[in-house]
Amino acid sequence: MAQREHTRLEWRSPHQALERARPVAWTCFCRATVYELLEGAGRAFLRRTVQLDGGHQVHETSSLCPINEAWAIWTALLTGRTR
């Protein structure tokens, strides 16, 4: 759940910036919204999948960032400091 003083991530349609990115952390696929942290070539980004009855919607964070920065964003997302 988002905290009162949270920041908003910018989400956009999936991009092919990292063709060989691999998920290294994710939330449970039993939820309607699943988040993944993907890494590749020393860069990382987050992916959000909203599972709907008629399919699913996939969005990714708008920019690639260094892996350590992506982990900080991942932690903020899971603790409600960003969404």
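Which residues does Glu36 touch, not counting residues up to four places away in sequence? Keep that in mind while you get your bearings; the tour comes back to it.

**Stop 1: the whole chain**

What you have open is a predicted model. Start with a cartoon view of everything. You should find 1 helix and 6 strands, and if you trace the chain from the N terminus, the elements run β-β-β-β-β-β-α. The radius of gyration is 12 Å, close to the 12 Å that the globule rule gives for 83 residues, so the protein is as compact as a globular protein of that length. Turn it around: the C-alpha atoms fill a box of roughly 35 × 30 × 20 Å along the principal axes. Of the 83 residues, 31% count as buried. Among contacts between residues at least 6 apart in sequence, 48% join residues at least 24 apart.

**Stop 2: strand S3 and its neighbours**

Select residues 33-40, which make up strand S3. Of its 8 residues, 6 are buried, so S3 is largely enclosed by the rest of the structure.

Now add residues 22-26, strand S2. S2 and S3 pair in the antiparallel sense over 4 bridges, and they form a hairpin with 6 residues between them. To see one of these matches, show Pro23 and look across to its bridge partner in S3, Leu38.

Next, add residues 43-52, strand S4. S3 and S4 also pair in the antiparallel sense, over 8 bridges. Pick Leu37 and you'll find Leu46 of S4 standing opposite. The hairpin of S3 and S4 has 2 residues between the strands, and Ala41 there takes a positive phi near 55°.

**Stop 3: Glu36, as promised**

Stay in strand S3 and click on Glu36. Is Glu36 buried or exposed? Its relative accessible area is 12%, and buried means under 20%, so Glu36 is buried. Now for the opening puzzle: leaving out residues up to four places away in sequence, Glu36 touches Pro23, Ala25, Trp26, Phe45, Leu46, Arg47, Thr49 and Trp74. Show those side chains and hold on to Trp74, one of the residues on that list; you'll meet Trp74 again at the helix.

**Stop 4: two rings**

Show the side chains of Trp11 and Tyr35. The count of aromatic pairs comes to 1. Trp11 and Tyr35 form that pair, and it is tilted: 6.1 Å centre to centre, with 45° between the planes. The pair links distant parts of the chain, with Trp11 in strand S1 (residues 11-12) and Tyr35 in strand S3, 24 residues apart. Trp11 counts as buried, at 16% relative accessibility.

**Stop 5: Gln57**

Move on to strand S5, residues 55-61, and select Gln57. How much of Gln57 is exposed? Its relative accessible area is 41%, which makes Gln57 partly exposed. Not counting residues up to four places away in sequence, Gln57 touches Arg48, Thr49, Val50 and Leu52. Try your distance tool here: the C-alpha atoms of Gln57 and Thr33 are separated by 9.5 Å, while the two residues are 24 apart along the chain.

**Stop 6: Cys65**

Now jump to strand S6 and click on Cys65. Cys65 counts as buried, at 7% relative accessibility. Leaving out residues up to four places away in sequence, Cys65 touches Gly42, Arg43, Ala44, Ala70 and Ile73. For another distance, pick Gly80: Cys65 and Gly80 are 15 residues apart in sequence and 20 Å apart in space, C-alpha to C-alpha.

**Stop 7: the helix**

Finish with residues 67-78, helix H1. At 1.5 Å a residue, its 12 residues should span 16 Å, and the end C-alpha atoms are 16 Å apart, which agrees. Colour Ala70, Trp74, Ala76 and Leu77, which are buried. Look down the axis: these residues cover an arc of only 165°, which puts them on the same side of H1. Here's the background: an α-helix has 3.6 residues a turn, so residues three or four places apart point the same way.

What covers the buried residues of H1? The cover includes S2, S3, S4 and strand S6 (65-66). Trp74 is the residue you met at Glu36, which touches it. Last click: Gly80, just after H1, takes a positive phi of about 85°.

Notes
Residues numbered from 1 in each chain as written. Predicted model: local features only at pLDDT ≥ 70, side-chain atom pairs only at ≥ 80, totals over all residues. Heavy atoms only, no water. Buried < 20%, exposed > 50% of the residue type's maximum accessible area, 1.4 Å probe, protein only. Pairing = 2+ DSSP bridges. Expected span 1.5 Å × (residues − 1). Arc of directions from axis to C-beta. Contact = heavy atoms within 4.5 Å. Phe/Tyr/Trp six-rings, centres within 6.5 Å; stacked < 30°, edge-to-face > 60°. Rg over C-alpha atoms; globule rule 2.2 N^0.38 Å.
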